[in-house]
Amino acid sequence: MSSLSVSSISSDIVRLTRDLVILLKYKPEILRHISIIKTNIFLIEKVIGDNVSLKNNNENPIKLESNLAILKSYLAKLRQQLRDVSKRGCGIGENNTRNLVWYSLKSCFNSRLLTGIIVNLGYKDPIIFLQRAYDSFARKINIMLKRSMLKVNVILVCNFVNPKNLNIDLKTFATRNNVIDSGSNLQGWYQTNVFDKLRTKLEAFQEEGSGFALSEILHLKVNISSYVPIRGGASTYIKVPHFIALKRAVINVKNNDPFCFLWSVTAALYPVHKDGDRISSYPHFDTVLNRGNIQFPIKLSDIKKFEKLNNLAINLYCVTKKRVVPFMLSTNHDVNGPTINLLVLSSNNSNINGISQSSKRNPNYHFTWIKNMSALLSSQLSKRGHKKFFCNICLNHFSSDNLLQKHSVNCHKINRCSARVPRENEKYLEFTHYSYKESVPFAIYADMESILVKCENNGGGGENTRLYQKHIPFSVAFYLKCTYDDSLSQFSQYRGVDCISWFIKQLHSISIWANSIFDNPIPMETLSATQLADFQNATHCHICEKPFAEGEIRAKDHNHLTGKMRKSAHVSCNLNYQDSRIIPVVFHNLSGYDAHFIIRELATGIPGQIKLLPINKERYISFTKHVENTNIAFRFIDSFRFMSSSLEKLSSYLSNDKKTITRSFSLNEVQFNLLTRKGVFPYEYIDSWEKLNETELPPRNAFYSHLHNEDITENEYAHALNVWTSFSVQNLGQYSDLYLKTDVLLLADIFENFRKTCLQTYQLDPLHYYTAPGLAFDAMLKITGIRLELLTDIDQVLFIEKGIRGGVTQCTTRYAKANNKYMSEGYDPNLPTNYLMYFDVNSLYGRTMCESLPYGDFSFVDNFESLDILNHSDDSDIGYILESFPRVLLALDCTHVKIQSPGGAQAEQFRNRKGYFSMNIQAACDHNLKFRNIVARWPGATHDSTIFNNSMLKAVFEDGMGNHLILGDSGYPLIKYLITPLLNPTTPGENRFNEAQIRTRNVIERAFGVWKRRFPVLALGLRLQLPTVQDIIMATAILHNIAIVNNEPEVLVDEEVAQLIENVIPAENNNDIENESTRNELIHYFNRM
């Protein structure tokens, strides 16, 4: 008795009760059964109250709750019947009786606010019943709305009569959960989400052609749950988790209203030094923020709207397993206002060890402001307390803000999520899948056929969609291939309405059978003298193919399924060299067709988890079903992703002597020859089950395909007639069985030969992989023995990504005209001979892959100016990946160094546009941040262009520096060797030119930042005489270069100094447009990219 579940017992009670209620007529027996039903209801409610469904995995809480509802329905019906019998017995005539009654239910789900049923006591028409049920529904909803927003779904429960056997079957029609709040139009909500949905489902059920007739409407079950949108502390203040509070990186404002989001944003805009958690420390948010008509607690979808209203960028982060990770990142990158980072807390992680069960199911959410991202995230990287600068998008860290700013330019354009680069111990990629050398023990090759029912009503598919056919599977076949023992291989086939269910049940049986084989390994055979000698004399492990160390213990590797000795192996290799317990299920064109019919039944038909490898929401590369209580999993893969051609064409490539599986199912050579030739099938002709019973092959025109817009040939039709006769086919159903069987056997032959070829060529079984690219990549790693180094620097990753080009490339002139003697007309011998040539160039990608490819030691170049990159040998052991701005030698800019007033009549010349005294320092640096030229003698009010025009650097370039260039900002004049950005780029080429110019020129900004971090006095200011100031500036510049040469690490400084370093005065625009020829050449270069 203990093995039975309460839910299954209650289901039996429901069936017995349903059969008895119809028979009861007299008061005593009605009273007796009312008492029995009450007892059963009491027992089920006790089970629910004791949470048995949560403690016992065999219990089905949904079924338990459903059975309780049905019993209460019958209780209400018997009570009504009892009243009717009593009235008739007293001689009282008919009077008004209630046709509807509400019963509340105990629910198995603690998150429910209320579960109940509206019992039908008199209505025969479900449409009328649903209309009348609204009043009862509305009364309960209005009461519950006083407590919170609601999520509500309903289930209509009816009994139907099966016309084939007159049995009564229970059918349910459910709606999805939908939200109701105090502002909802309840009647409209009910019409849309209950009445219309259920009516549509009832009509669809009746139109399926099952013939079921409605017997009675039992009840409408109503499930009401609390709905809590992501919200900020409407009634509950959530403390910051202790491990985050210790970092003092988050400001958590203690609010007693639903506006913690607004308080957090206000705290970010108006930071305070103390009492940051008090509302009184900040201005009221309505005085500083525009919230428009956004409702609070705020919805996630409204945050973007809030950003636009307030010119802000807001990033959301959350806590997962004590790690802070991105939750929702802003796409408002062009905002002029600040970027604000908020941490979203929930009651599920605010007090990790002390959350009640109810709070886990119905969490509260709260927004806090992250004031110091470095302090919050640094401990996730290491225990050292050095400050790091984090990118808000990818969460990678940098040692300085200048490096971060340079990185952010590309990251915001390329990344859309957090990007994790490999750690140092993960940065090498090499072949490790040695177990993939062993053949998969079991594989299943399968296919199905469908009836193509024509859709009479073309509507219902959307405005731009016309429903044409409905595909209903009617037949499934599969071949189970055992690699080590062919006697275990078998073919199975089934035709019927429930063919998909049959297939899933077969898979479940196979999983139990295969699991028993794996759980009972066969001991190793007794070794012969030859085998023992081979074991003792082995020098290499047969698994990893690496030599044994002297004196190393070796293992005897044997096949656990056959007991056969393989060869000698390392102990560790032997432990990891295990037979795969994943059984591949191979369909040809799984992603495009068969998966749609299998996935739903697979998810529910076999207990266990299902994992998807999706292309999008509707198509999957593969999906894997893990079978509960076994170590078996079924991986569904698409053979089309290994061999992208039709079965007919693939079969034609395979000689008959290799089609051993198909031959084993042929009685003679004639049948074999007929099976190995791909047949024809009237797919569109079979549009009903009745067509399968036809006893003659349809006429040739029935084989016409509207999909391919073609008919079959006379030879193909003659072949179909020959097959029909030779195999003594009795009806079209048998013909379809034979056609399907042929497809499955040919697929098995094709893929088994593909496996054999791969095992011979690469020593890898393709059934371990999802697609051909995965197999090819692993084969490359194995055969070459290469150890690929992965990029661990996010800037190196972005450097490569931003150089990726794609799409259609075309290089043409505006007009070209041929003139040669081969022209039939128009040839002019007096003009030069010209040809218009068309080249069909194939396999460019394959040819490129034959060339040498980079595999390791990636680093940014330190001495690029010494490289003759144009004459670099193509077969050199070292290669280079270049950014796309050519001929650049130096980047030029100015920066201000704060000084005290020099006094005298010339003092005001040193006051810059920011209002303080400074010297304007011009510097030119190379790609390695080394200063190549520096001028430290001009007052702060001097324009950048004036300094350059009077500098030695200009004189040197005027005398000639080849074709080398300097990059400057728009504050400098445009000269043939000094390239500035375009003020108003319009074309794609001009935009690419500007992007590359600014990105490449950014090196001087980084150099200034590193320089001032090494010598903070340059940022804080010098209170010395001008000659001494100039000497210090020059000396620190020289020391900076020495530090660069010696690879000295950057010095970390506090935030005050960092802010001063970033206080760079922007240069004024200079619209000099002379000497544009060089810039135009460069723009033309970028136009061609």
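**Close-up views of a predicted model**

**Figure 1. A salt bridge joins the side chains of Glu65 and Lys221, with 2.5 Å from N to O.** The structure shown here and in the other views is a predicted model. The two partners come from distant parts of the chain: Glu65 belongs to helix α4, Lys221 belongs to strand β6 (residues 213–227), and 156 residues separate them. Both Glu65 and Lys221 are buried. Over the whole structure, a search finds 28 salt bridges.

**Figure 2. Surroundings of Lys72 in helix α4 (residues 61–89).** Lys72 counts as buried because its relative accessibility is 11%, below the 20% limit for that class. With neighbours within four places in sequence left aside, the contacts of Lys72 are Ile41, Glu45, Tyr103, Ser104, Leu105 and Ile117.

**Figure 3. Ser136 in helix α5 (residues 126–145).** The relative accessible area of Ser136 is 10%, so this residue is buried. Ile118 stands 18 residues from Ser136 in sequence, and their C-alpha atoms are 7.2 Å apart in space.

**Figure 4. Two salt bridges between residues close in sequence, Arg18 with Asp19 and Arg199 with Asp196.** In the pair of Arg18 and Asp19, the closest N and O atoms are 3.7 Å apart. Arg18 counts as buried at 13% relative accessibility, whereas Asp19 counts as partly exposed at 42%. The closest N and O atoms of Arg199 and Asp196 are also 3.7 Å apart. Arg199 and Asp196 are separated by about one helical turn because they lie three residues apart in helix α6 (residues 186–207). Arg199 is partly exposed, at 33% relative accessible area, and Asp196 is partly exposed as well, at 26%.

**Figure 5. A network of salt bridges links Glu438, Asp557, Arg566 and Asp579.** The network includes one arginine, Arg566, and the acidic residues Glu438, Asp557 and Asp579.

**Figure 6. An open sheet of seven strands with mixed pairing, in the order β17-β16-β15-β20-β23-β22-β21.** At its edges are β17 (490–495) and β21 (610–614), each of which pairs on one side only. From one strand to the next the twist averages 20°. Strands β22 (residues 620–626) and β23 (residues 633–638) run antiparallel and are joined by four bridges. Within this pairing, Phe623 has Phe636 of β23 as its bridge partner.

**Figure 7. Helices α14 and α17 lying across strands of the seven-stranded sheet.** Helix α14 (residues 499–518) lies across β15 (442–454), β16 (469–482), β17, β20 (582–587) and β23, and runs at about 20° to β16. Helix α17 (residues 590–605) lies across β15, β16, β20, β21, β22 and β23, at about 25° to β22. Strands β15, β16, β20 and β23 appear in the list for α14 and also in the list for α17.

**Figure 8. A nonpolar surface patch formed by Tyr822, Tyr835, Met837, Phe839, Val841 and Leu844.** Together these residues have about 760 Å² of accessible area. One of them, Val841, lies in the loop between α24 (794–801) and α25 (844–849). Val841 counts as exposed because its relative accessible area is 52%, which is over the 50% limit. For the protein as a whole, the exposed area is about 59,300 Å², and carbon and sulfur atoms supply 50% of it.

**Figure 9. An open sheet of five strands with mixed pairing, in the order β27-β26-β25-β28-β29.** The edge strands, β27 (931–939) and β29 (978–979), each pair on one side only. Helix α28 (residues 988–1014) packs on the sheet, where it touches β25, β26, β27, β28 (965–967) and β29; its direction makes about 45° with that of β25. Strands β25 (residues 888–898) and β26 (residues 918–925) pair in the antiparallel sense over eight bridges. In this pairing the partner of Thr895 is Ile921 in β26. Helix α30 (residues 1026–1045) lies across β25, β26 and β27, running at about 165° to β27.

**Figure 10. Setting of the close-ups in the whole protein, which has 32 helices and 29 strands.** Of its 1089 residues, 44% count as buried. Among contacts between residues at least 6 apart in sequence, 66% join residues at least 24 apart.

Notes. Residues are numbered from 1 along each chain as its sequence is written. This is a predicted model: local features need pLDDT of at least 70, side-chain atom pairs count only at pLDDT 80 or more; totals for chains, interfaces and linings use all residues. Side-chain values use heavy atoms; hydrogens and water are left out. Helices (H or I, at least four residues) and strands (E, at least two) are DSSP runs, numbered from the N terminus. Buried means under 20% relative accessible area, exposed over 50%, partly exposed in between (1.4 Å probe, protein chains only). Two strands pair if DSSP finds at least two bridges between them. Axes are lines fitted to C-alpha atoms, for helices over the stretch in contact, and angles run from 0 to 180 degrees between N-to-C directions. Contact means heavy atoms within 4.5 Å. Accessible areas come from the Shrake-Rupley method with a 1.4 Å probe; for residues, only the protein chains shown count as cover. Patches are made of residues with over 30% relative accessible area and no salt bridge: like charges are joined within 9 Å, nonpolar side chains (Val, Leu, Ile, Met, Phe, Trp, Tyr) within 5 Å. A salt bridge is a side-chain nitrogen of Lys or Arg within 4 Å of a carboxyl oxygen of Asp or Glu.
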